[in-house]
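Colleague: Could you take me through one part of this model slowly? I'm new to this, so plain words would help.

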Amino acid sequence: MANILLAVSGSISAYKAADLTSQLRKRGHAVQVIMTKGAQAFITPLTLQTLSKRPVLTDVMVEENPTEIAHIDTGKWADLFILAPASANSLAKLAHGFADDMLSATALALDPKTPKLIAPAMNTKMYQNPATQANLATLEAYGYHQIFPKESLLACGDYGPGALADLSVILLEIEETLSNEN
């Protein structure tokens, strides 16, 4: 099975990363979770560590193992990278090559051939904003594949596109991407 690098950024949908991690493990995949500070405001690293059976990476400036450089070695380990949920902030960082946290530094260190998926989750107006759409287009040009958000009633009370895609859709995209790589 595959080594899946699951990056979780700050969105109310971050809690769904627990189910995604569990489902990926049940399918036999190894899952390494990276969380931004924003994601940690919604769900704890301990939850995802328990489900992934691996320490969650949260800080690019903390190196637990002196024989490794976590963001480089994690990037080499990954057979597939997925950012779910992908906040507008994380999309902007990836589109513009920032490397100021564990997520962005690791994504920048990925082998260009590593399949990369992004599943946006944010307010409709944020998702439809020209800056966000430009960032998504840039990421597509870099080889990222978007798992489109669904249209739904959002946590803020607005209705429209921006809700994280259903986990069944995300899991299907992961499996199809992995099967296309073989």
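Colleague: Within what distance do the axes of H1 and helix H3 come, and at what angle do they cross?

Modeller: Happy to, and keep in mind that this is a predicted model. When two helices pack, we describe them by the angle between their axes and the distance between the axes. Here the axes of H1 and H3 (residues 45–52) come within 9 Å, and they cross at roughly 10°. Angles under 35 degrees count as roughly parallel, so H1 is roughly parallel to H3.

Now look at who meets whom. From H1 you have Ala17, Ala18, Thr21, Ser22 and Arg25, and they meet Thr47, Leu48, Leu51 and Ser52 of H3. Sorted by class, that contact is made of 4 nonpolar, 4 polar and 1 charged residues.

Let's stay with Leu48 for a moment. Leaving aside residues up to four places away in sequence, leucine 48 touches Ala17, Ala18 and Thr21, and also Val8, Val33, Met35, Ile43 and Val56. Leu48 also belongs to the largest nonpolar core, which has 30 residues. Along with Leu6, Val8, Leu20, Ile82, Ile170 and Ile174, Leu48 is one of those that touch the most other members. Among the elements giving two or more residues to this core are helix H1 (16–26), strand S1 (3–8), strand S2 (30–35) and helix H9 (167–181). H9 gives the most, with 5 residues. There's a second, separate core too, with 25 residues, including Phe81 and Leu103.

Next, follow the chain out of H3. Lysine 53 sits in the loop between H3 and H4. With 59% relative accessibility, lysine 53 counts as exposed, because the cut-off for that is over 50%. The backbone has a quirk here as well: phi of lysine 53 is near 65°, a positive value in a residue that isn't glycine. Most residues other than glycine have a negative phi.

On the other side of that loop is H4 (residues 70–77). Its buried residues are Ala70, His71, Thr74 and Gly75. Look down the axis of H4 and those buried residues fall within an arc of 125°, so they line one face of the helix. And what covers them? S1, S2 and helix H6 (102–108) are among the elements that do.

One last thing to find while you have the model open: the peptide bond from alanine 84 to proline 85 is cis, with omega near 0°. Most peptide bonds are trans. Proline 85 lies in strand S3, and S3 (80–86) also gives two or more residues to the largest core.

Note on methods: Residues numbered from 1 in each chain as written. Predicted model: local features only at pLDDT ≥ 70, side-chain atom pairs only at ≥ 80, totals over all residues. Heavy atoms only, no water. Core = buried A, V, L, I, M, F, W, Y, C linked by side-chain atoms within 4.5 Å. Buried < 20%, exposed > 50% of the residue type's maximum accessible area, 1.4 Å probe, protein only. Helix = DSSP H or I, 4+ residues; strand = E, 2+ residues; numbered from the N terminus. Contact = heavy atoms within 4.5 Å. Arc of directions from axis to C-beta. Axes fitted to C-alpha atoms, helices over the stretch in contact; angles between N-to-C directions. Parallel < 35°, antiparallel > 145°, perpendicular 65-115°, else oblique. Nonpolar A, V, L, I, M, F, W, Y, C, P; charged D, E, K, R; others polar.
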